[in-house]
Amino acid sequence: MEEFKRYGLYVVPQGALFDAASAWLGWDSTTGQAALHPDVAGLPEPVEILTATPRKYGFHGTIKPPFVLAEGQSIDALHDAATDFCAKQTSVAIPALTVRRLGGFIAIVPSDPSQALGALAAATVETLDVFRAPPLETELAKRRKAGLSDRQEALLRQWGYPYVMEEFRFHLTLTGRTKHADIVRGALAAHFAPILPSPFLVDSLALMGEDASGRFHLIQRYTLSG
């Protein structure tokens with residue numbers, strides 16, 4: 001397998017939602033190709049600006065946050081471990097999705113929190129953590145700029161990321177931070193409403209890799225077949 005700078009385990013939807021969201025972001029992580037932005041009515045800012053931050057990741061929901069491969073580990077070993085792990089996990093059905101404002105950015109999220117999805121994310125983080133190299137101090141400092149709680153600081157030190165375990169909130173990011181979040185949320189809610197699946201089935205996890213330019217690519221999709 002190709003070597004990348006960082007790896008992560010994501011929920012990467014398939015079908016109409018993925019196609020529409022990839023076009024919105026301008027990047028299809030499954031093909032490694034740029035996508036043509038759609039015309040969305042009612043936006044107060046150009047789509048290129050709204051999507052500049054999340055574009056490189058493609059349309060995804062983070063399960064195990066991106067990490068540098070630990071010394072002595074290999075992508076082949078990570079692939080084997082992810083294959084074994086996902087073969088023991090069951091799929092998770094989310095009854096409904098909604099477009100919501102999260103602080104200053106917009107994302108598609110479950111209408112109600114899913115304990116099953118939270119448990120899947122926690123198990124993924126813990127099981128595959130042996131493959132994660134410790135973060136550099138510069139990366140830790142970057143995370144701390146957000147103003148972490150004591151618990152988030154403890155999670156950052158233990159798992160390399162502050163928003164895991166009970167701090168995990170599943171979201172499929174659509175924009176970076178914007179001063180017009182409420183207006184953008186309304187426009188995107190109308191745009192995506194016809195294609196939000198109900199229920200939304202999480203039946204696979206995707207191993208993603210970050211290339212030298214910072215763009216993420218699909219490496220392998222694993223069915224949750226437990």
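Okay, so let's start with helix H3 and which of its residues are buried: Ile75, Leu78, His79, Ala82, Phe85 and Cys86. Keep in mind that what we're looking at is a predicted model. Now, if you look along the axis of H3, those buried residues cover an arc of only 130°, which puts them on the same side of the helix. And what sits over them? The cover includes strand S1 (6–11), S4, H4, strand S10 (204–210) and strand S11 (216–223). As for the helix itself, H3 runs over residues 75–87, so that's 13 residues. From the first C-alpha to the last, H3 reaches 18 Å, close to the 18 Å you'd expect at 1.5 Å a residue.

Just before H3 there's a loop that comes from S4, and Gly72 is in that loop. Is Gly72 buried or exposed? At 77% relative accessibility, Gly72 counts as exposed. Here's something you can check on screen: Gly72 and Phe131 are 59 residues apart in sequence, and their C-alpha atoms are 8.9 Å apart in space.

Okay, on to H4, which I just listed as part of the cover over H3. H4 also has its span worked out: 13 residues, reaching 18 Å between its first and last C-alpha, close to the expected 18 Å. Which residues of H4 are buried? They're Leu117, Leu120, Ala121, Thr124 and Val125. Looking down the axis of H4, the buried residues fall within an arc of 130°, so they line one face of the helix. Go round to the other side of H4 and you find Gln115 and Glu126, which are exposed.

Let's zoom in on one of those, Ala121, in helix H4. Ala121 has a relative accessible area of 3%, so buried is the word for it. What does Ala121 touch, once we leave aside the neighbours within four places in sequence? The answer is Ile63 and Phe168. For a sense of distance, go 22 residues along the chain from Ala121 to Arg143: the two C-alpha atoms are separated by 20 Å.

Now for charges. Side chains of opposite charge can pair when their charged atoms come close. How many salt bridges are there in this model? The count comes to nine. I'll walk you through some of them.

One of them joins the side chains of Lys64 and Asp129, at 3.1 Å from N to O. Lys64 is in strand S4 (residues 61–67), while Asp129 is in the loop between helix H4 (115–127) and helix H5 (137–144), so this pair ties together parts that are 65 residues apart in sequence. Are these two buried or exposed? Lys64 has 2% relative accessibility and counts as buried. Asp129, at 14%, counts as buried too.

Another salt bridge is between Asp84 and Lys88, also listed at 3.1 Å, N to O. Here Asp84 counts as partly exposed, at 42% relative accessibility, and Lys88 is exposed, with a relative accessible area of 58%.

Then there's Asp182 with Arg101, whose side chains meet at 3.0 Å, N to O. Asp182 belongs to helix H7 (residues 181–192) and Arg101 to strand S6 (residues 97–102), so the pair ties together parts 81 residues apart in sequence. Asp182 counts as exposed at 52% relative accessibility, and Arg101 counts as partly exposed at 39%. There's a little network as well: salt bridges with shared partners join Lys5, Arg6 and Glu210.

Last stop, Arg55. You'll find Arg55 in the loop between helix H2 (47–50) and S4. Arg55 is buried, yet has no salt bridge. How far away is the nearest side chain of opposite charge? That side chain belongs to Glu48, and it's 6.5 Å from Arg55. A salt bridge has to be within 4 Å, so a gap of 6.5 Å doesn't make the cut. But have a look at the backbone of Glu48: the side chain of Arg55 reaches the backbone oxygen there at 2.9 Å. And who else is around? Leaving aside neighbours within four places in sequence, Arg55 is in contact with Leu25, Gly26, Trp27, His37, Val47, Glu48 and Arg215.

Okay, that's my tour.

Technical notes:
Residues are numbered from 1 along each chain as its sequence is written. This is a predicted model: local features need pLDDT of at least 70, side-chain atom pairs count only at pLDDT 80 or more; totals for chains, interfaces and linings use all residues. Side-chain values use heavy atoms; hydrogens and water are left out. Helices (H or I, at least four residues) and strands (E, at least two) are DSSP runs, numbered from the N terminus. Buried means under 20% relative accessible area, exposed over 50%, partly exposed in between (1.4 Å probe, protein chains only). Lys and Arg count as positive and Asp and Glu as negative; His and the chain ends are not counted. A polar contact is a pair of N or O atoms within 3.5 Å; within protein, one must be able to donate a hydrogen and the other to accept it, and residues adjacent in sequence count only if both atoms are side-chain atoms. Contact means heavy atoms within 4.5 Å. The expected span of a helix is 1.5 Å times one less than its number of residues. The arc is that of the directions from the helix axis to the C-beta atoms.
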